Amino acid sequence: MKKIAIAGLQREQIKQQIEDTMPDTFECYILTDMDAAMKVKSGEMDYFIGCCNTGAGGALAMAIAIIGYGQSCTIAKPSIQAKHDEVQQFIEKGCVAFGLSIEHIEHAVPILTKLLAAK
């Protein structure tokens with residue numbers, strides 16, 4: 001079972017959305033930004049999901065610093081919803097850290113988790 005580290009704002013809501021969308025598919029852990037990024041970098045966790053008001057700044061700052069810019073991406077920003085094809089391209093490119101803004105949790109998390117589960 002793949003492990004997801006969840007950091008930032010609305011962590012409980014993200015965890016619940018993952019469990020509702022893909023039950024019994026992922027182990028979800030709510031962690032600080034630094035712990036989440038370090039656990040993904042070390043291989044202890046498979047993916048990082050961070051959430052903030054913009055989906056880029058606070059959501060991904062630690063992931064970019066620890067995991068690397070090339071493996072981090074923003075999948076949803078204020079007024080810009082996640083797009084299935086774009087998220088799939090990020091995953092195919094090797095991204096393991098995903099940032100999103102709080103207003104897109106219910107839309108973006110199902111897209112992301114379905115694609116990660118299919119990987």
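This section describes the nonpolar core, an aromatic pair, a salt bridge and two serine residues in a predicted model.

The largest nonpolar core comprises 42 residues. Within this core, the residues with the most contacts are Ile18, Phe48, Ile75, Phe98 and Leu100. The element that gives the most to the core is helix H5, spanning residues 105-118, with seven residues.

One aromatic pair was found. Its members are Tyr47 and Phe98, whose ring centres lie 6.4 Å apart, with an angle of 50° between the planes. The arrangement is classed as tilted, because the angle is neither under 30 degrees, as required for stacked rings, nor over 60, as required for edge-to-face rings. The pair joins distant parts of the chain: Tyr47 belongs to strand E3 (residues 47-52) and Phe98 to strand E5, with the two positions 51 residues apart in sequence numbering. Both partners fall under the 20% limit for burial, Tyr47 having a relative accessibility of 4% and Phe98 one of 0%. Phe98 thus appears both in the aromatic pair and among the residues with the most contacts inside the largest nonpolar core.

Strand E5, which covers residues 97-101, also contains Ser101. Ser101 is buried, with a relative accessibility of 0%. When residues up to four places away in sequence are left aside, Ser101 touches Cys51, Cys52, Asn53, Thr54, Gly55, Ala76, Lys77 and Pro78. Of these contacts, Cys51 and Cys52 lie within the residue range of strand E3.

A search of the whole structure gave one salt bridge. This bridge is formed by the side chains of Lys39 and Glu44, with a nitrogen-to-oxygen distance of 3.2 Å. The pair qualifies because this distance is within the 4 Å cut-off. Both residues are partly exposed: the relative accessibility is 24% for Lys39, and the relative accessible area is 43% for Glu44.

Glu44 is also contacted by Ser42, whose side chain reaches the backbone nitrogen of Glu44 at 3.4 Å. Ser42 is located in helix H2, which runs over residues 33-42. In contrast to the buried Ser101, Ser42 is exposed, at 54% relative accessibility. This value counts as exposed because it is over the 50% limit. Ser42 and Tyr29 are separated by 13 residues in sequence, and their C-alpha atoms are 15 Å apart in space.

Terms used:
Residues are numbered from 1 along each chain as its sequence is written. This is a predicted model: local features need pLDDT of at least 70, side-chain atom pairs count only at pLDDT 80 or more; totals for chains, interfaces and linings use all residues. Side-chain values use heavy atoms; hydrogens and water are left out. Buried means under 20% relative accessible area, exposed over 50%, partly exposed in between (1.4 Å probe, protein chains only). Helices (H or I, at least four residues) and strands (E, at least two) are DSSP runs, numbered from the N terminus. Contact means heavy atoms within 4.5 Å. A nonpolar core is a set of buried Ala, Val, Leu, Ile, Met, Phe, Trp, Tyr and Cys residues joined through side-chain atoms within 4.5 Å. Rings of Phe, Tyr and Trp (its six-membered ring) pair if their centres lie within 6.5 Å; planes under 30 degrees apart count as stacked, over 60 as edge-to-face and the rest as tilted. A polar contact is a pair of N or O atoms within 3.5 Å; within protein, one must be able to donate a hydrogen and the other to accept it, and residues adjacent in sequence count only if both atoms are side-chain atoms.
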